Amino acid sequence: MTATALRAPTADPGLLTLLGRTPLARIGCDLPCPQPGFFAKLEGLGAGGMKARAAVSMLLGARERGELCPGAPVVESTSGTLGLGLAFAGQALGHPVVLVCDGELEPAMRRLLRAHGARLELVDRPAADGGWQAARLARLRELLADLPGAYWPDQYNNPDNAAGYASLAAELATALDHLDILVCSVGTGGHSAGIVAPLRRYWPALRLIGVDATGSTIFGQPARGRLMRGLGSSIHPRNVAYEAFDEVHWVGPAEAVDACRRLARASFVSGGWSTGAAALVAAWAARVHPGAVVATVFPDGPHRYLGTVYDEDYTAAHGVDPATAATRPVEIPHPTAAEATGWTRCTTVVDPLDDTGPTAAAPAPRPVPAVEATP
């Protein structure tokens, strides 16, 4: 690929008026047990999806610092969701977008990204160390060498990623009189860090629960192959604010699929793997903390996942049976105490790369908002 092969779109700043202001729904259906209800920000209904907020923030920050010149290409690695946000930001700000994806990216998402003007570069096999993410990053570095002036947002380590979610935090603070517990899925770490810091200025005792995928290394578990996309990581993103979390849950595919399908049947809102995982844990938090106000974020809608999460043949072929979904998490005392193979909870949160001690990154305890019941 050469720079001449990329043509910058005409900037359309008016698109930025479509950013954010997504609905806040009350979710009261069984997930899988009866629960009193929680609030969910429906980011999948926003233009460009949830990560359009981060994409615009990262590109504007780079332009202000002189790292991204007018019309220069933007190159990034993505499993899909940030790619859609960057396609939106590229059109709004006038930048061609090159996305490094992998062979597991759904055909529907490939078509959608191309329809929005993004150029796709697909890697066909995972790296021996670091999986698909490492393979994508290796190809990304090759592209940067071939595209003079190209900008890499580096979503995993860019503080502007988290800063882009200040608007989401403001929308939650405006819509809610109070908030006790925030539940966030974790991939790059951007939206959890970007939301919780502003919200704790309103509610200092706000508890943050992270939701990760089984097989993800983010919170100190061993790296394994992952069916779920959109949350979890094979690397350690530096945007993850480990000290901000009060606990973490690892969720498996069966639980996420079961939650997604229950949401679709009973609430008419749903999404993909990260939405199902976050909904499951938010419902659990509402159930075991009676009287607490719980909120979470649904990062995307269901359409991308019609051939996976909502496809009986797909889940059967991959050994995912929603009927086997756990109804409560297994408890472990430390992230390294046992490997999470299904829904697992841990109230010790550490940075796996912090070598100052096993509990150095553990947050100071925040008060439980109500008497905790047995799940």
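These legends go with close-up views of the cavities and pockets in a predicted model.

**Figure 1. The enclosed spaces of the model, counted.** Let's start with what is sealed off. How many cavities of 30 Å³ or more are there? The count gives two. The largest has a volume of about 130 Å³, and the second largest holds about 30 Å³ of space.

**Figure 2. The largest cavity and the residues around it.** Fifteen residues make up this lining, with Met50, Lys51, Ser185, His191 and Gly230 lying nearest the cavity centre. Helix α7, which runs over residues 190-202, chips in three residues, the largest share of the lining. Sorted by class, the lining of this cavity is 10 polar, three nonpolar and two charged residues.

**Figure 3. The second largest cavity and its lining.** Here we're looking at about 30 Å³ of space. The lining reads as follows: Leu19, Gly20, Thr22, Glu43, Gly46, Ala47, Gly49, Ala52 and Arg53. By class, that comes to four polar, three nonpolar and two charged residues.

**Figure 4. The largest pocket, with about 650 Å³ of space.** Now for the open sites. This pocket is lined by 29 residues, and those closest to its centre are Gly44, Asp300, Gly301, Pro302 and His303. Two or more lining residues come from each of α2 (81-93) and α3 (107-115). Which element gives the largest share of the lining of the largest pocket? That would be α2, with five residues. As for chemistry, the lining has 17 nonpolar residues alongside 10 polar and two charged ones.

**Figure 5. The second largest pocket, with about 430 Å³ of space.** Ser79, Gln133, Arg136, Arg226 and Gly232 sit nearest the centre of this pocket, out of 30 lining residues. Helix α2 turns up again, and together with α4 (131-146) it is one of the elements that each supply at least two lining residues. The largest share of this lining is four residues, and they come from α4. What classes make up the lining of the second largest pocket? There are 16 polar, seven nonpolar and seven charged residues.

**Figure 6. Helix α2 at the two pockets.** This last view picks out one element. In the largest pocket, α2 supplies five lining residues, the largest share there. In the second largest pocket, α2 gives at least two residues to the lining, while the largest share belongs to α4.

Key
Residues numbered from 1 in each chain as written. Predicted model: local features only at pLDDT ≥ 70, side-chain atom pairs only at ≥ 80, totals over all residues. Heavy atoms only, no water. 1 Å grid on protein atoms, 1.4 Å probe; cavity = no way out; pocket = protein on both sides within 12 Å on 5 of 7 lines; lining within 4 Å. Points joined across faces, edges and corners; volume = space filled by probe spheres on them. Nonpolar A, V, L, I, M, F, W, Y, C, P; charged D, E, K, R; others polar.
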